[in-house]
Each structure stands twice: as C-alpha cells, then as structure tokens.
Amino acid sequence: MEKDTVHQDGKTPEALAITDHKVLVANRGEIAMRIMRACHGLGIPFTALYTAEDSASCHCDLARELGGEHCLYRVSSYHDANEIMSVADASECTAVHPGYGFFAEDFRFARRVTKRDRKMIFIGPSWKIIRELGDKINTKRLARSLGVPTVPGSDRPIYDEAEAEHIAKSIFEFQESQGITHPLVLVKASAGGGGMGIEEVYDPDQFRSVYRRIRNYALRQFKDEGVLIEQRIKDFNHLEVQIISDRSGKHPVHFGTRNCSIQSTGRQKRIEVAPGFAPETLDYSFDAAKVLTNIVEYSLTMATKVGYDNVGTWEWIVTRAGEPFLMEVNTRIQVENGVSGCIAHVAGRGSVDLIAEQIRLGLGEEIGYTQAEIATEGVGLEYRIIAEDPANNFIPWVGKIERFHWKDQPWLTMLTHVPTDRPYEIPTEFDPNLALAIIWGKNLEETKERGKIFLDSIVLEGQNASGEALRSNIEFLKTNTDQILHF
Amino acid sequence: MLNISELLESIKESPYRDIVIRTPHTGCLSFPDLAIGAEVHGPSSQWKNKPGTLLATLERERNPKPILAPEKGELVELHTELAGTFVEAQTAVATIRHRLTREEVEHIILQKALFLFRAPERAKYYFTPEMDKKIHATESHSVKVRDGMELLIMSRMKREVHLQYSGPDGVIYAIYFKYNENIDAGAPLIGVCTQEQLPAIQEVIMRIKTEWAGR
C-alpha cells in the first residue's frame with residue numbers, strides 16, 4: 001500500500017469510523033449549508049470552499065460558525081477539480097461531498113477522488129454507477145432489459161434510413177392506439193445536447209425530410225450522423241422516486257415519490273410536492289395510487305440490478321393516460337430532497353435528513369432499517385424562490401437585495417444562503433436561486449394553505465443598477481399553489 | 001473642455017501604479033532569491049513571449065505554476081513569510097511599483113475625453129457577430145456606432161440578451177472589456193469619439209507622445 005493512501009491511525013478511508021472522517025464540502029450556497037449542518041449533526045468535521053464572488057454568502061458565515069475560521073478556503077472556482085483536491089489534501093479531508101451541480105454527476109471526478117494517490121471517499125454513488133446511469137441511452141437500454149417502461153423510441157443511435165422510418169411509423173401508431181389525437185415524433189442528433197439538433201415531426205409524410213436534415217446537421221456539427229427517434233410527450237406530469245442504499249448496494253429502499261410538474265418555461269422546477277399524487281383527495285383519470293406503486297417498484301428493480309450504493313432519483317414522465325415512462329436517473333442528491341425528508345419517518349423518528357443519510361451511508365455505515373420501517377405522514381411542498389421575471393420568459397433578475405425576511409413557522413424550513421441582516425448583491429456567476437421553502441401539512445389542503453400563508457409573509461425587496469425594483473417568482477408560486485398535484 | 005495640460009501635470013506628480021500580484025488559485029508557495037527594492041521586468045520581445053521576472057512558484061497537485069511579473073517596476077512588497085505554506089486563491093504575493101507607460105497615460109486621458117458606454121449590469125459582454133466581424137476586419141478607429149444600434153450581447157446566468165448602444169454617434173476608439181470576463185455594472189465597455197471630436201483626440205494623443213516620450 002502506498003504511504004499516501006493511508007490516513008490517520010494508518011487506516012484507509014473506508015476503514016475509518018465516520019466521526020474520524022473529515023468531509024470537503026465541494027459546493028456553495030444552500031446545499032453547502034445543508035451538508036455542513038448534516039456533518040455537524042453527525043459529529044463529522046468539514047472543510048468548506050468559497051470563491052471571491054461568494055464572499056458575502058451565508059454559507060461562509062455558517063462554515064465559520066460551525067467549523068471555525070480555518071475550515072473555510074477561498075478557491076478560484078468551484079468548477080476546478082484541482083482546487084478541490086488541493087484543499088482536501090491541505091485540510092486533511094478524507095471524503096468529498098459534491099452536493100448537486102458542479103461535479104456531482106461527473107464520474108471522472110468521482111473516480112479521481114477514489115483512485116488518486118491520497119485516496120478519499122466520494123459521497124455519492126460509486127463512479128462506475130454514475131458512468132452507467134449517467135448515459136441516457138445506456139439507462140434506457142438497461143431499463144428495457146428489465147421490463148421498465150421508457151419513452152417509446154430507439155434505445156441506440158440510428159444510422160439507417162429504413163430503420164428510422166420503421167421506428168417512426170411504430171411510434172406514430174403507438175400514439176394513435178393510446179388515443180393521442182396529434183401524435184408527435186421527436187428526431188434528435190444522438191451526439192447533440194442542450195436542445196441543439198432536435199426537431200418535432202407532426203406528419204409521418206414529413207419524417208424522411210426531417211430525418212435527413214437532422215442527420216446532416218449531426219454529421220456537420222458532431223461528426224456523427226446517429227439520430228435518436230422518440231415519442232414527443234407533451235401532456236405529462238413529472239414524477240420522481242427517491243432511492244437510497246448503503247455501500248453494499250444490496251438493500252435499496254425508497255423514500256417515496258415527488259411531483260415536480262410545476263416548472264418554468266425552460267422546464268426548470270419551481271414547485272415540488274411529496275408524495276407525487278394525492279389519489280385520496282383528488283380525482284385522476286387513471287389509477288394514481290397504482291402508478292406511484294409501479295414507478296417505485298420499477299426504480300427499486302433497477303437500483304437493485306445495478307447495485308446502487310448511495311442516494312439517487314429516478315425521474316419519470318406520467319402521461320394523462322397514466323402511462324409511466326422512465327426519463328433518466330439522477331445519480332446525486334436532488335435540490336428537492338428535503339420535501340421527501342419532511343414527510344418521512346424511520347422507525348418512528350420523524351423528518352429524515354436525507355443528506356445526513358447520504359453522508360452516513362457514503363462513509364460506509366449500513367443502512368440500519370428496512371423499507372417496512374419507513375413511513376410517510378402528510379404532504380410536503382417546496383417552493384424555489386428565485387429572482388427572475390416570470391412574465392418575461394423567467395429571465396434572471398440581477399441586483400442588490402435590500403430586504404429579505406419572512407414569518408417563521410413550526411411547519412416551515414427555510415433554506416437560504418442570502419443574508420437577512422444586510423444587503424446582498426446577487427452574484428451573476430451562478431443560478432439566481434435565492435431560497436428553498438419547505439412546508440409541511442397534515443394533508444394537501446393544509447399544506448397549500450400554509451404555503452400561501454408563507455408566501456404572503458415574505459418580504460423580498462431590492463433594486464438593480466438602473467434603479468429597477470427586484471423581480472421574483474413569488475406571484476408565480478402563489479398562483480400555482482392551487483394547481484399542485486392536479487393533473 | 002478637457003484640460004490636457006492639467007491632467008498630464010497631475011499624472012506627472014505621481015506617475016506610478018501599484019500592481020498587487022495575487023495567486024491565481026490555491027497551492028503551496030515558494031520564492032526565488034529576490035529582495036524588496038529589486039527591479040523586475042514584464043514580458044518582453046516583439047510578441048511578448050519572453051516571460052517577466054519570476055516572483056514566486058505556486059505548486060498545486062504536483063504542478064508548479066510560475067507567478068511572473070506582468071509589468072516592469074520596483075518590487076515594493078514580497079510576502080516571503082508565506083514560503084512553504086498552503087495559500088488560498090487571490091492571496092497577495094507581491095506588489096510592484098510600476099511607472100506608467102505612454103500607452104497607459106493615453107488610456108487614462110482617453111477615458112476622460114471619450115464618451116464611455118458603460119455596462120448596465122455585472123455580466124460578460126460580447127460584440128454581436130456582425131459587429132465582431134467589422135471590428136476584426138476594419139482598421140482601428142473606423143467602426144461607427146449610432147444611438148439605438150444593436151452592439152453587444154450581455155451574458156449572465158446562462159441567459160443572453162442583446163444590448164443597444166445609447167450615446168452620441170461616432171467611432172469606437174477604445175474597447176475596455178475582454179471576452180469571458182465579468183464586467184462590473186458601471187464599468188466602461190467602449191469609448192466612443194464623435195467625428196467632430198476626432199481631431200482633438202488625435203491632438204491629445206500627439207501631446208502625450210511628445211510629453212511622455214522622454215520620461
């Protein structure tokens with residue numbers, strides 16, 4: 001064994017007790033704060049990072065408060081893996097928590113953390129699992145091999161025109177058999193991304209010309225003329241299943257479902273609700289309870305098959321006909337994990353901190369409970385409070401926040417890196433998320449009512465360099481609160 | 001009316017700029033054999049390919065990065081007490097007292113003489129593709145702008161919006177931003193010279209050339 005791989009007491013990171021670990025919090029803002037609090041609660045020391053643009057963020061204040069002045073390091077960028085490794089070494093960290101975004105789903109980063117001379121633990125799934133499930137085509141193929149429904153269409157790049165036409169024809173026919181009056185097929189460059197090289201086909205007779213156009217575009221832009229052909233689903237709800245498992249990968253359990261259908265025009269989530277439907281309260285045109293059971297079962301089947309070994313989210317599309325299709329797997333903690341945690345009980349203990357669970361299991365502890373010991377109570381709701389202009393295509397608003405406060409409530413958890421005791425300039429380098437408000441109620445009606453009470457209590461004011469008043473999505477959240485869990 | 005003589009005199013009274021050299025990222029610092037008071041030089045030769053004086057070395061993940069003097073001047077601070085320690089990004093390593101060059105004096109005075117179109121928000125700025133082509137294809141001081149024309153793209157938080165120029169019609173005489181760098185709200189983006197002002201600006205440049213040349 002190389003000397004560098006050994007940490008204190010001559011042990012490898014996997015052999016340390018969890019309180020002998022030190023976690024590098026490789027993220028910013030509210031998620032960094034949740035990780036720090038979780039570490040603190042578990043008795044694990046941590047090191048935090050910040051960049052010059054983030055020096056006024058409350059995540060810096062909390063790091064100093066919980067970890068002391070020397071636990072906080074200024075780095076050039078959160079995107080620079082060398083910075084993270086170098087601070088981890090200098091502060092003798094034994095594990096890295098990536099949070100969400102940045103390196104959270106980067107299998108190369110996860111591999112580097114665990115394979116370098118001075119090895120550490122990556123608090124997330126193992127790098128092989130991130131690689132396997134991070135590839136959407138691979139995930140789709142795996143799902144199909146297990147009988148898990150995926151969006152109808154190709155599960156590999158298509159290079160042959162006759163085959164492409166055959167797939168498109170079958171997708172049109174499938175939609176017609178589902179009673180869809182305006183079936184749509186999506187043609188997209190397999191090597192593309194970010195919305196580039198995608199076209200919808202409304203008319204089967206137009207398919208060939210669209211296919212050729214996308215194929216040629218893909219060849220020019222990506223040097224690969226492979227094309228994917230899928231059903232374009234428009235009228236759907238976006239659901240998720242929260243999975244969690246220990247390092248053995250043998251005992252995955254679920255923490256229920258979430259509904260994330262209320263989104264901005266750019267398909268970014270704004271309101272998340274757990275559980276994913278409310279069949280006992282609302283009417284659905286399908287058996288919603290059965291859909292929730294099915295997607296949980298499908299997700300667990302896949303998690304078991306791959307030996308999933310940390311937290312992860314299976315994302316689903318559910319059509320108006322009650323058909324679930326697996327969209328993708330997010331091999332990380334989600335922003336909205338708290339909404340599942342707030343309705344969960346484990347062995348009688350209420351409100352589960354899924355980030356603390358992620359850390360505990362990531363560092364090698366056994367899960368210690370079974371699915372039978374996990375119960376849920378009530379309805380959880382999360383609002384993403386964002387400086388943006390919903391009336392103007394949700395364009396981010398940038399400027400100085402001068403007043404930010406709300407009325408505390410026993411049923412409210414407010415997660416924010418924005419200071420409430422001083423003005424705060426929103427950094428332009430990052431997403432404009434200001435806060436997450438998690439609300440619990442014993443049923444859907446109470447949760448919605450409390451949500452509105454909370455939104456009415458928020459004061460969020462500021463102005464930009466031109467003297468224009470702060471714009472936020474609070475009215476958008478209020479208006480949409482009545483719609484939650486409706487389909 | 002700009003009083004060039006007065007401006008030049010005030011610059012001559014203190015013709016220096018202190019340049020604080022900071023670490024670009026984290027790492028472990030070491031210093032060469034340099035002392036406060038030493039003369040250092042910036043990159044030189046026709047293409048500036050000869051590096052400036054080595055001020056320190058920053059090692060991170062076994063990669064040593066030389067920290068070099070960006071300009072000529074006198075070393076007035078050198079934080080050798082940091083030798084062998086792990087430092088954060090943006091830690092001050094040295095300070096160089098640099099005597100202003102003629103180009104820098106021109107830059108200072110032009111900022112007072114030209115119409116400055118400023119950044120409305122902290123963001124990254126790019127010329128629109130058409131304007132970018134013109135600026136690269138034509139001679140300097142010949143790209144015209146007029147009030148209301150689409151000139152720049154303002155990029156922040158993964159969103160881009162087009163930005164119209166507002167100000168007097170004229171030619172772009174100076175560009176104050178670099179691609180991919182964040183510009184603070186209120187910082188100048190371009191300096192515009194009106195057609196009528198052009199002879200006066202050229203005279204300013206000539207005066208700086210003659211009055212600063214021998215210094």
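Q: Domain bounds come from an automatic or database domain assignment. With that settled, which domains does the assignment give for chain B?
A: This is a predicted model, and the assignment for chain B lists domain 1 as residues 15-99 and domain 2 as residues 103-211. Taken over C-alpha atoms, the centres of these two domains of chain B are separated by 31 Å.

Q: And what does the assignment give for chain A?
A: For chain A the assignment gives domain 1 (13-123), domain 2 (152-231) and domain 3 (236-481). The centres of domain 1 and domain 2 of chain A, again over C-alpha atoms, lie 42 Å apart.

Q: How many helices and strands are in chain A, and how many in chain B?
A: Chain A contains 13 helices and 24 strands, while chain B contains four helices and 16 strands.

Q: What about the overall dimensions; what box does chain A fill, and why does its radius of gyration agree with a compact globule?
A: Along the principal axes, the C-alpha atoms of chain A occupy a box of roughly 65 × 60 × 50 Å. The radius of gyration of chain A is 23 Å, which agrees with a compact globule because a globule of 487 residues would have a value near 23 Å. For chain B, the corresponding C-alpha box is roughly 55 × 50 × 30 Å.

Q: What percentage of the residues in each chain is buried?
A: In chain A, 47% of the 487 residues count as buried, whereas in chain B buried residues make up 26% of 215.

Q: And among the contacts in each chain between residues at least 6 apart in sequence, what percentage joins residues at least 24 apart?
A: With that condition on sequence separation, 68% of the contacts in chain A join residues at least 24 apart, and in chain B the share is 69%.

Q: Switching to the interface: how many residues does each chain bring to the contact?
A: Chain A contributes 22 residues to the contact and chain B contributes 20. On the side of chain B that touches chain A, the classes come out as seven nonpolar, six polar and seven charged residues.

Q: OK, helix packing in chain A. At roughly what angle do α4 and α5 cross?
A: Helix α4 (residues 107-115) and helix α5 (residues 127-134) of chain A cross at roughly 170 degrees, and their axes come within 8 Å. Since an angle over 145 degrees counts as roughly antiparallel, α4(A) is therefore roughly antiparallel to α5(A).

Q: Which residues meet there?
A: From α4(A), the residues are F107(A), A110(A), R111(A) and T114(A), and they meet W127(A), I130(A), R131(A) and G134(A) of α5(A). By class, the residues of this contact divide into four nonpolar, two polar and two charged.

Q: Now backbone geometry: which residues does a cis peptide bond join in chain A?
A: A cis peptide bond, with omega at about 0 degrees, joins A274(A) and P275(A), and P275(A) sits in the loop between β11 (269-274) and α9 (288-306) of chain A. As background for geometry of this kind, most residues other than glycine have a negative phi, and most peptide bonds are trans.

Q: Which residues that are not glycine have a positive phi?
A: Among them are A347(A), with a phi of about 45 degrees, and N180(B), with a phi of about 70 degrees. A347(A) lies in the loop between β14 (344-346) and β15 (349-350) of chain A, and N180(B) lies in the loop between β14 (170-175) and β15 (182-183) of chain B.

Q: Are those two buried or exposed?
A: A347(A) is exposed because 11 other C-beta atoms lie within 10 Å, and N180(B) likewise counts as exposed, with 9 C-beta neighbours inside 10 Å.

Q: One more spot, A56(A). Where is it found, and what does it touch?
A: A56(A) belongs to the loop between β2 (46-50) and α2 (58-67) of chain A, and it is partly exposed, with 16 other C-beta atoms within 10 Å. Residues up to four places away in sequence aside, A56(A) touches P419(A), Y424(A) and E425(A). Although A56(A) and Y424(A) are 368 residues apart along the chain, their C-alpha atoms are separated by 7.1 Å.

Q: And R118(B), what is it in contact with?
A: R118(B), in strand β9 (residues 115-118) of chain B, is in contact with G186(B), A187(B), P188(B) and L189(B), leaving aside neighbours within four places in sequence. R118(B) counts as partly exposed, with 15 C-beta neighbours inside 10 Å.

Note on methods:
Residues numbered from 1 in each chain as written. Chains lettered and ligands numbered in written order. Predicted model: local features only at pLDDT ≥ 70, side-chain atom pairs only at ≥ 80, totals over all residues. Axes fitted to C-alpha atoms, helices over the stretch in contact; angles between N-to-C directions. Helix = DSSP H or I, 4+ residues; strand = E, 2+ residues; numbered from the N terminus. Parallel < 35°, antiparallel > 145°, perpendicular 65-115°, else oblique. Contact = placed C-beta atoms within 7 Å. Nonpolar A, V, L, I, M, F, W, Y, C, P; charged D, E, K, R; others polar. Rg over C-alpha atoms; globule rule 2.2 N^0.38 Å. Buried ≥ 20, exposed ≤ 12 C-beta atoms within 10 Å, placed from the backbone.
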